[in-house]
Amino acid sequence: MLFIWSGWGIVVIPVALGTAVAVGALGGLALRTLGHPELTFLAVSLGLFAAAAATWMVGRRLNNTPPRALIDPATNARILLRRRHTLFWVPAQYWSAPVALAAFVPLLALRTL
């Protein structure tokens, strides 16, 4: 698979996956300890919601750095240079929306309970 990113946009993948796995595993372990292993899908959903929040926070932090100002000596014009952090041409923080939508998929299991 080909990944296209600029800046630190590639960090979206490990942040989302790592957070989802860590929170989902801890939630699943807690549910099994409490005697409700049939509700593991809730832990998966919680992990994905946490991953969406982490992706949003990391993306906002990356893309809200102040621009670097330069002065063109020929025209005395002020030029602002911004570093963009994108994955597949989408700014890093906006990848939280598809992750949050994916968190609703495990909740469809509620219909079968």
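Which residues are exposed on the other side of α1? I would like to begin there, and to say at once that what we are looking at is a predicted model. On that other side of α1, the exposed residues are V21, L26 and T33. V21, which sits in helix α1, has a relative accessible area of 57%, and because the cut-off for exposed is over 50%, V21 is placed in that class.

Now let me turn to the helix itself. Helix α1 runs over residues 12–33, and its 22 residues, taken at 1.5 Å a residue, should span 32 Å, which agrees with the 31 Å between its end C-alpha atoms. The buried residues of α1 are V12, V15, A16, A20, G24, G27, G28 and L31. Seen down the helix axis, these buried residues fall within an arc of 160°, so they line one face of α1. As for what lies over them, the cover includes α2, residues 40–63, and β4, residues 86–87. After α1 comes G35, and its phi is positive, near 90°.

Before leaving V21, I want to mention one long separation: V21 and I71 are 50 residues apart along the chain, and their C-alpha atoms are separated by 47 Å. Please keep that pair in mind for a moment.

The next element is α2. Its 24 residues should span 34 Å at 1.5 Å a residue, and the end C-alpha atoms are 35 Å apart, which agrees. The buried residues in α2 include F41, A43, S45, G47 and L48, and further along the helix A51, A52, A54, T55, G59, L62 and N63 are buried as well. The cover over the buried residues of α2 includes α1, β5 at residues 90–91, and α3.

What does V99 touch, if we leave out residues up to four places away in sequence? V99 lies in helix α3, and its contacts, counted in that way, are L48, A51 and A52, each of which is among the buried residues of α2. V99 itself counts as buried because its relative accessibility is 17%, where the cut-off is under 20%. Here we can return to the matter of sequence separation: V99 and F49 are also 50 residues apart in sequence, but from C-alpha to C-alpha they are 7.3 Å apart in space, whereas for V21 and I71 the corresponding separation is 47 Å.

F49 also takes part in a feature of the surface, since together with L101 and F104 it makes a nonpolar patch of about 300 Å². F104 is found in the segment after α3, the helix that covers residues 96–102, and with a relative accessible area of 45% F104 is partly exposed.

Finally, I would draw your attention to the loop between β4 and β5, where we find F88 and W89. Neither is a glycine, and yet phi is positive for F88, at about 55°, and for W89, at about 65°. Are they buried or exposed? F88 is partly exposed, with a relative accessible area of 25%, while W89, at 65% relative accessibility, counts as exposed.

Terms used:
Residues numbered from 1 in each chain as written. Predicted model: local features only at pLDDT ≥ 70, side-chain atom pairs only at ≥ 80, totals over all residues. Heavy atoms only, no water. Patch = residues over 30% accessible without salt bridge, like charges linked within 9 Å, V, L, I, M, F, W, Y side chains within 5 Å. Areas by Shrake-Rupley, 256 points an atom, 1.4 Å probe, with all protein chains shown as cover. Salt bridge = Lys/Arg side-chain N within 4 Å of Asp/Glu carboxyl O. Helix = DSSP H or I, 4+ residues; strand = E, 2+ residues; numbered from the N terminus. Buried < 20%, exposed > 50% of the residue type's maximum accessible area, 1.4 Å probe, protein only. Expected span 1.5 Å × (residues − 1). Arc of directions from axis to C-beta. Contact = heavy atoms within 4.5 Å.
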